[in-house]
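Good morning, and thank you for coming. Today I would like to speak about aromatic rings and the company they keep in a protein model.

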Amino acid sequence: MPSYDVVVIGAGAAGLSAGALLAKEGKRVVVLDRSPHLGGRAMAVPDEGFTVNLGGHLIEDGGSGITKVFSHVGKELIHGEVSNDMPIWENGKGWGSIRDRYTDRTELKKVIKALVNTPYEELDDWDDRSLREWIHQYTHDQGVVDLFEFISVLECMTDNWYDHSASDNLYVRKMHFEERNTAAYSCWPGQGWDGIWRDLADAITENGGELRLGTSVERVVIENGSVKGVAVGREPKVLPNEFFEEEILEAPAVISTLPVWNVLDVVPRSALPEWYASQIEFLAQDKFRIAWLGLYLATEEPVTQFDPRELATWTATPSTECSGFMFDQSAMDPSCSPEGTHLHVMGAIIPGARGRDREWCRSTMEAFERDVETMWPGFAKPIWRRRHLVFEPSFGVIQMPGLVGKYRPHWRAPNVEGLWFASETFRSRGIGTDRAARAALTCVEDYLGGRIPTFGDGWRY
């Protein structure tokens, strides 16, 4: 049987980061994924001359997270084009810039100063309260509140003001103010989304690790409270669909990057304490998923309001209650569409449970597309179109008060020696791929028994 120090389940941002970090530390590591593609929920897919990015969109890291992971393993995450402006749509009023809303910068500066001076550990106390409650300690200026809350719509995909978690949002705002002196920092990976995953995969194999795509993990093998490895599916040798035909990969440690709605498919529920398994099942409910109706439209001319690299957002379209976002992907990366065209990506955020109601999704998508033409007349006659329901897999667990921080299952499995969960649906902070990479770093350092000096004493999950 093959034997390793660590088996990593999943080759998305968390799994590739964990594998690269462990290989760099000299560990015998193998990264497994059932998909033949790298990137997990942030893979880039070629489609009739366009490159459709399924989930990553932009990187939300000022430099201390996934960027530093790349540097530590001998690679460079190139920070390409950076988002510039934030147009806001209001029904009945049309478009305006977020900058027009906070004309009194004195009030904004008060909030920034308070946030920068607040230790990250104190923000943990706000896991069950809203972002607006925290801001109202320092100002009631609605323009300042709007700035923070519209960024929450873009980054966390939450709708109502009471759904914007204080702690999860403020961790990222504090990081961006400290590292980039701006409320929000998002950039396009200079090597493209497919390129960043290839770079991490190369870092794994160049340092002696293994990567096995198209390999399905059937179960984590746990005996007497300790991890013994994983069982992976194996092609039947004689009869099709042979029962329980498995290959065992031995290892005393497993880092799973599966989300809460899949993890109990491979981790025996009986091996976990009841209270912990129940935490996982609670968060795995459809109503707590972030789901959205993705729409990709190509035009011959760019469709923007103020700047080609803007990130537009709204809390409701003319005929739906869906919040969402839009940006010109070609302005970030011209190679994603044929010369002379512009590929725009947009999404309508929907309640997670609605993702299983295909008829509701279909009618809402049609309404959303009509609204898009109202909001941007330039989309009336696109030259190319793709629809994409993002539900399975979902973006993640919605970042509402009471569903973040200490309310999520811990990343170290209790009562099981050698099992970690480096998933942004478990206890974690941040946005998207950066959140996943930081979750991986947390689990890797815990496995190693100490912090990796490259990352200093900065915040962890």
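**Aromatic rings in the predicted model**

Let us begin with Trp 376, which is buried, with a relative accessible area of 1%. Please keep in mind that the model before you is predicted.

How should one describe two rings that meet? A pair of aromatic rings is described by the distance of the centres and the angle of the planes. In this model the count comes to 19 aromatic pairs. One of them is formed by Trp 89 and Trp 95, an edge-to-face pair with 5.4 Å from centre to centre and 65° between the planes. Trp 89 has 10% relative accessibility and therefore counts as buried. Trp 95, at 19%, counts as buried too, because the cut-off is under 20% relative accessible area.

We now return to Trp 376. Its ring centre lies 5.8 Å from that of Trp 314, and the planes stand at 70°, so this pair is edge-to-face. Which parts of the chain does the pair tie together? Trp 314 belongs to strand β15 (residues 312-314), while Trp 376 is in the loop between α12 (358-375) and β18 (384-390), so the pair connects parts that are 62 residues apart in sequence. Trp 314 is buried, and its relative accessible area is 0%.

These four residues also share a cluster: ring pairs link Trp 89, Trp 95, Trp 314 and Trp 376 with Phe 368 and Phe 379.

Finally, let us consider charges over rings. The charged end of Arg 129 sits over the ring of Trp 126, 3.7 Å from its centre. Arg 180 lies over the face of Tyr 185, at 4.3 Å from the ring centre.

Notes
Residues are numbered from 1 along each chain as its sequence is written. This is a predicted model: local features need pLDDT of at least 70, side-chain atom pairs count only at pLDDT 80 or more; totals for chains, interfaces and linings use all residues. Side-chain values use heavy atoms; hydrogens and water are left out. Rings of Phe, Tyr and Trp (its six-membered ring) pair if their centres lie within 6.5 Å; planes under 30 degrees apart count as stacked, over 60 as edge-to-face and the rest as tilted. Buried means under 20% relative accessible area, exposed over 50%, partly exposed in between (1.4 Å probe, protein chains only). Helices (H or I, at least four residues) and strands (E, at least two) are DSSP runs, numbered from the N terminus. A charge sits over a ring if NZ of Lys or CZ of Arg is within 6 Å of the ring centre and within 35 degrees of the ring normal.
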